[in-house]
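User: I would like a close look at one part of this model. Please take me through it step by step.

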Amino acid sequence: MKKNYTQSEVLIIGAGFIGQIMALMLASSKITVTLVDKNIFERRDKRTTAISQGSSRIFKNLGIWKQLKNKTEGINKIFVSDQDSQDYLKFDSSVLNEGKLGFIIENQYFRKILKKEISQSKYISTFEKNEITNIYENKKENASKVFAESRDKIVVSDLIIAADGRTSATRKLLNLKYHETIYEQNAYVFNIFHEEKHNGVALEKFFPEGPLAILPMKALSKPFQNRSSVVWTVDQKLGDLTKITKKEFSAEFSKRYDNFFGKLIKFSKPSVYPLNLIYAYDTITEKVVLVGDAAQGIHPIAGQGFNLGLRDCELLHNIILDAKLTGQKFNCLNLLKRYQNIRSIDRSLFIEATDKLNKIFSNNSNSLKILRKFGMRFINKSDFIKKQLMKNAMGLQDLNIPYLT
């Protein structure tokens, strides 16, 4: 079968949030983009996404924050506790004067806003219901380009950006080595309606079988007005909780929820996701770069995976734009190595931090219980440490390192 050729400056493989936002960033700089995925706009998703304060500023620069903000609920405070302790570690946005700690948006609204922006851009072409099966260079035809082949089309571009998630087919096609840790935990994601207002408070409670995060959502009209999003991590040894009855599930969750926002009124049907850690040792190769979960998929314990990927996109966009404005080829290996090296500390910090936090808190060791209790009390008494932790979680610390070589 004869295949059609199409061209753009950048090909993005994967049209989740990271892929779509990467496309919008490049389009804002008048860089032509082809966005490829099996299914770009038709996904159903009842989950929520945590947007850090730093990420909201990236969206503001991109010109879409006003639309997004109207659909978000701000996080004013975060309470952290260990097991059944009532001794909370408290993080309050008011002590930093930097705005909200973060924001929670429903994915259904997030997708609609991104779809609208992409559909209106003359710099973005979408290529749906297909997937890239081969990536190669053709020295005879055009040595400066990279070719991506699907079932019926060949996309010719200067650079390929892989944003195709934890199971990245691009990463496998290019034989980029990666590490994987299977956590043997399931994350149950659902929404709850509760009696009292949450007042922008998020809760993180740690149990031996895994952490429980409750995140504030925008209120609805009465009678079911007050609601929050839940990410409940449970050891797989306890079985699949979606297989038990609704009454049994409610009883197990209620023990841990402990009426934190008053009586539990109802909850939505939970979705279950097996958890793992995955990261590529190298996030670049000749004319190809990995971003988001294709580069590093981390534990949801701190809600930082999306924000980490967004910082990948911001730096890569800036490097590509600088190269274009100065007449450089933005697909050269040295420039891509610069991206990889600059991002190394930020990604390593959050890979290690989320992995270690999960291991420290998701166990029943008596010695670690004492250590956790001491550590949380120590942090609670130190305004300096709490401020630094908040800045890290808010994405306000510059963890990108200068490229020296």
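In what do the side chains of Arg256 and Glu209 meet?

Analyst: They meet in a salt bridge, at 2.6 Å from N to O. A salt bridge is a side-chain nitrogen of Lys or Arg within 4 Å of a carboxyl oxygen of Asp or Glu. Side chains of opposite charge can pair when their charged atoms come close.

First, two ground rules. This is a predicted model, in which local features need pLDDT of at least 70 and side-chain atom pairs count only at pLDDT 80 or more, while totals for chains, interfaces and linings use all residues. Residues are numbered from 1 along each chain as its sequence is written, and side-chain values use heavy atoms, with hydrogens and water left out.

Now place the pair. Arg256 sits in helix H7 (residues 246–257). Glu209 sits in the loop between strand E15 (201–207) and strand E16 (210–216). The pair therefore ties together parts that are 47 residues apart in sequence. Helices (H or I, at least four residues) and strands (E, at least two) are DSSP runs, numbered from the N terminus.

Are the two partners buried or exposed? Both Arg256 and Glu209 are buried. Buried means under 20% relative accessible area, exposed means over 50%, and partly exposed is in between (1.4 Å probe, protein chains only). Arg256 counts as buried because its relative accessible area is 14%.

Arg256 has another partner. Arg256 also forms a salt bridge with Glu252, and their closest N and O atoms are 3.3 Å apart. Both residues lie in helix H7. They are 4 residues apart, about one turn of the helix. Glu252 has a relative accessible area of 26%, so Glu252 is partly exposed.

Step back a little. Glu209, Glu252, Lys255 and Arg256 are linked in a network of salt bridges. Across the whole structure, a search finds 20 salt bridges.

Here is one from elsewhere in the chain. The side chains of Asp45 and Arg47 meet in a salt bridge, 3.0 Å from N to O. Asp45 is buried, because its relative accessible area is 10%. Arg47 has 33% relative accessibility, so Arg47 counts as partly exposed.

Back to the part you asked about. Arg256 is the residue to follow: one salt bridge goes to Glu209, and another goes to Glu252. The first reaches a loop between two strands. The second stays within helix H7.
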